[in-house]
Amino acid sequence: MRASLDINGLLLLLCGVNLADTLGYKPVIIVHGLFDGPKQFLMMSRLIQEAHPGTNVSVIDLYDNMASLTPLWVQVQGFKKTLYPIMQEAEHGVHLICFSQGGLICRGLLSTLPDHNVQSFISLSSPQAGQYGDTEILKSFFPHYLKSCVFHECYSSVGQKWSICNFWNDPHQRERFLKSSNYLALLNGERPHREMTEWRKNFLRINKLVLIGGPDDGVITPWESSQFGFYDFNETIVEMRNQEWYVRDSFGLKTLHARGDLALYVLSGVKHSYWHSNETVFRGCIEEWLT
C-alpha cells in the first residue's frame, strides 16, 4: 500500500499535480512551546509527510528559545501575523498542532481571530487549565521559591511580562489569580470581559479539539491540566466536566464536547520533551485528525 501510494504520488508530481491537494490533505501549522523552536519538530514534520505525502507543514519560527518568555498576548499577535496568510491561502482550512505553552498561544489565536479556518486544533501536552508545580523549569527561574511562593512574582505587573506567569494558576491564591492573570483567566472566562461572547464564537469555529497528555509528563503539573483538569484548594484534581468554566460553558468547551468534537488521549510513559517525536503518539493520537 505504501509503495503504491509513493509511486502514484511520484507520477502526479511529474505531471505537475500537487499530491496534498489531490488527496485532500490540509496544511498543518505547528506552534512550539517554551524554550523550543523549529528544530525540535523535525521528527513531527517527517511523520506527517510519511503519513500524508505532500502536506504543507509550517513550523512557525517565532519567539524561539529564550524569546518564548515573551508575554503571551504579544506572542499571539506575532503568530497571528504569520499564520493568517497561510490560512487565507488554504481554501479548505488548516490544522494546528500546538505543543506545551504553544497550546495556550493557539487558544489565544483561535479566540481572537473571527474568520480563522482551523479544522483540527491538536493540543499536545499543553497546560490548558494552568500550571502549578515545582518542576526543573520553574526552579531555573525561581531558584529561591517553592511553588507556594511563586505567586508573589507572577501575580504582579512585572511577573505578567513573563509568559510562564501568564498561565501560573495557584489554587491557594484564587483571588490574586483572578485579579492579576491577564491571559489564562481571560481565556477561560474566569474574569468577565466584554469580548467573552465574541471569543467563544470564534473558538467554536474549530471542527475538532484534540487533547493529548499523560501522567509521566514530568513538566505539566498537574498533568491533568492537558485535559482541562486542575487542582482545587486542597490540591485534589477536579476533572474537566466539573470545572466551573466548563459547567458555565464560558468559552465553548462544553459545547464542543456536546457536539462530539472533543477527543481526549491519555498516554503513559511519555516525558514532556518527547511528545512531538514519539511515533506512537503521532500514529495513535494525531494522524487521523490531519486529513
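**Close-up views of cysteines, helix H5 and selected loops**

**View 1. Two cysteines, 285 and 149, compared by accessibility.** Cysteine 285 counts as buried because its relative accessibility is 3%, where buried stands for under 20% relative accessible area, exposed for over 50% and partly exposed for what lies in between (1.4 Å probe, protein chains only). Cysteine 149, at 30% relative accessibility, counts as partly exposed. The model is predicted, so local features need pLDDT of at least 70 and side-chain atom pairs count only at pLDDT 80 or more, whereas totals for chains, interfaces and linings use all residues. Residues are numbered from 1 along each chain as its sequence is written, and side-chain values use heavy atoms, with hydrogens and water left out.

**View 2. The disulfide between cysteine 98 and cysteine 106.** With a disulfide taken as a pair of cysteine sulfur atoms within 2.5 Å, the count comes to 2 disulfides, and these follow the pattern 1-2, 3-4 when bonded cysteines are counted along the chain. One of them links cysteine 98 with cysteine 106 at an S to S distance of 2.0 Å, and this link is left-handed, with -85 degrees about the S-S bond. Cysteine 98 counts as buried at 0% relative accessibility, and cysteine 106 likewise counts as buried at 0%.

**View 3. The disulfide between cysteine 154 and cysteine 165.** The sulfur atoms of cysteine 154 and cysteine 165 lie 2.2 Å apart and form a disulfide, which is left-handed with -65 degrees about the S-S bond. Cysteine 154 belongs to helix H7 (residues 151-154) and cysteine 165 to helix H8 (residues 163-166), so the pair ties together parts that are 11 residues apart in sequence; helices (H or I, at least four residues) and strands (E, at least two) are DSSP runs, numbered from the N terminus. Both cysteine 154 and cysteine 165 are buried.

**View 4. Helix H5, its span and its burial.** For the 12 residues of H5, 1.5 Å a residue gives an expected span of 16 Å, and the end C-alpha atoms are 17 Å apart, which agrees; the expected span of a helix is 1.5 Å times one less than its number of residues. Because 11 of its 12 residues are buried, H5 is largely enclosed by the rest of the structure. The buried residues of H5 include Gln101, Cys106, Arg107 and Ser111, and Cys106 is also a partner in the disulfide with cysteine 98.

**View 5. The crossing of helices H5 and H11.** The axes of H5 (residues 101-112) and H11 (residues 196-203) come within 6 Å and cross at roughly 105 degrees, the axes being lines fitted to C-alpha atoms, for helices over the stretch in contact, with angles from 0 to 180 degrees between N-to-C directions. H5 and H11 are therefore roughly perpendicular to each other, a class that covers 65 to 115 degrees, while under 35 counts as roughly parallel, over 145 as roughly antiparallel and the rest as oblique. Arg107, Leu110, Ser111 and Thr112 of H5 meet Glu198, Trp199, Asn202 and Phe203 of H11, where contact means heavy atoms within 4.5 Å. By class, the contact of H5 with H11 has 3 nonpolar, 3 polar and 2 charged residues; Ala, Val, Leu, Ile, Met, Phe, Trp, Tyr, Cys and Pro count as nonpolar, Asp, Glu, Lys and Arg as charged, and the others, Gly among them, as polar.

**View 6. The surroundings of serine 68.** Serine 68 sits in the loop between S2 and H4 and is buried, with a relative accessible area of 0%. Leaving aside neighbours within four places in sequence, serine 68 is in contact with His32, Gly33, Leu34, Phe35, Tyr63, Gln75, Gln101 and Ser163. Of these contacts, leucine 34 is placed in the loop between strand S1 (28-31) and helix H3 (42-51), and leucine 34 counts as buried at 13% relative accessibility. The C-alpha atoms of leucine 34 and glutamine 101 are separated by 5.7 Å, although the two residues are 67 residues apart along the chain.

**View 7. Backbone details in three loops.** Most residues other than glycine have a negative phi, and most peptide bonds are trans. Phenylalanine 35, in the loop between S1 and H3, is not a glycine and yet has a positive phi of about 65 degrees; at 24% relative accessibility, phenylalanine 35 counts as partly exposed. Asparagine 65, in the loop between strand S2 (57-59) and helix H4 (72-89), has a positive phi of about 55 degrees and counts as partly exposed at 40% relative accessibility. The peptide bond from threonine 221 to proline 222 is cis, with omega near -5 degrees, and proline 222 is placed in the loop between strand S5 (208-213) and strand S6 (230-231).
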